[in-house]
Amino acid sequence: MSIGVVVFPGSNCDRDVRWAAEGCLGMATRCLWHEETDLSGLDAVVLPGGFSYGDYLRCGAIARFAPVLQSLLDFADNGGRVLGICNGFQVLTELGLLPGALTRNRDLHFICEDTVLQVASARSPWLRAYGAKAYLNLPIAHGEGRFQCSGDTLKQLQDDDAIALRYQNNPNGSIDDIAGITNSAGNVLGLMPHPERACDPVTGGLDGRELLQALLN
Amino acid sequence: MPRFKARVLVRLRPSVLDPAGEAARSAALRLGVDGVQSLRIGKAVDVQLEAPDESEARRRLEQLSDRLLANPVIEDWTLEMLNS
């Protein structure tokens with residue numbers, strides 16, 4: 001049982017994810033350089049936060065073409081669990097594993113603060129341990145986290161029960177207060193908040209633990 | 001091989017809020033420029049491309065624009081051939 005953590009040039013939360021998953025929660029992890037294509041032996045893959053390829057053109061637009069992500073398409077297709085955090089969420093939308101797009105925050109600020117989220121759906125394994133309607137406190141740190149999609153896509157997300165997390169006090173202008181979504185199968189989750197920064201009692205809350213534990217449970 | 005020059009203009013779709021454009025619009029007032037009703041920021045991408053003929057050049061540029069330069073979820077693009 002092992003978790004792959006993708007490292008792009010410009011990723012900066014890859015070590016945080018490893019510390020949370022391995023150091024705090026005792027789960028084995030393996031770093032995956034963006035040029036790797038072998039995902040064998042992995043049960044889950046995390047796309048961490050940061051600024052992959054400098055976020056040139058658009059956040060996640062260049063990362064989409066990384067060799068490791070071509071393997072990830074098959075991995076996700078076969079039901080493997082994929083978690084995209086912050087920049088990782090942006091990459092998943094550019095890659096087409098999740099719908100919509102993340103755009104510049106409504107008020108232009110880079111927002112770095114703790115935020116209250118509500119579990120919108122406990123359908124997927126990611127949030128089952130918290131239960132529907134539960135509240136979580138997780139940090140956010142992004143300049144481009146305003147989730148946007150067409151009306152049709154939003155309806156599809158609602159029909160699929162694929163809206164995973166909503167902001168209590170929408171900080172960035174996301175449509176329908178969306179902070180995280182899953183694919184229709186539920187094995188792929190993308191979210192702007194950072195669960196890996198809420199796993200170690202030394203640095204704050206622990207509300208991210210169950211979400212990361214869902215990588216293997 | 002013929003060389004083609006093109007400009008791809010990438011714009012946020014009209015329905016997508018452009019907070020950076022709004023911020024620039026309010027700066028226009030501070031500059032003393034009155035009457036700016038709307039200001040939206042896009043990108044101009046200048047491309048030089050070698051291709052056997054213009055229709056093939058267009059085909060490649062359209063693919064490039066649609067699959068990389070713009071994200072169709074939030075952006076529209078237009079292609080302008082500069083030396084045809």
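**Exercises: salt bridges and a buried helix**

B:Glu54 counts as partly exposed because its relative accessibility is 28% (buried is under 20% relative accessible area, exposed over 50%, partly exposed in between; 1.4 Å probe, protein chains only). The model is predicted: local features need pLDDT of at least 70, side-chain atom pairs pLDDT 80 or more, while totals for chains, interfaces and linings use all residues. Residues are numbered from 1 along each chain, chains are lettered from A in the order written, and side-chain values use heavy atoms, without hydrogens or water.

**Exercise 1.** Find the salt-bridge partner of B:Glu54 and place the pair.

- Apply the criterion: a Lys or Arg side-chain nitrogen within 4 Å of an Asp or Glu carboxyl oxygen.
- B:Arg58 meets it, with the closest N and O atoms 3.4 Å apart.
- Both residues lie in helix H2 (residues 54-69) of chain B, 4 residues apart, about one turn. Helices are DSSP runs of H or I, at least four residues; strands are E runs, at least two; both are numbered from the N terminus.

**Exercise 2.** Which parts of chain B does the pair B:Asp46 and B:Arg7 link?

- The two form a salt bridge, with closest N and O atoms 2.6 Å apart.
- B:Asp46 sits in strand S2 (residues 43-50), B:Arg7 in strand S1 (residues 3-12), 39 residues apart.
- B:Asp46 is exposed at 52%; B:Arg7 is partly exposed at 31%.

**Exercise 3.** Is helix H3 (residues 87-95) of chain A largely enclosed or open, and why?

- Count: 9 of the 9 residues are buried, so the rest of the structure largely encloses H3(A).
- Among them are A:Phe89, A:Val91 and A:Glu94.
- A:Gly96 follows, with a positive phi near 90°.
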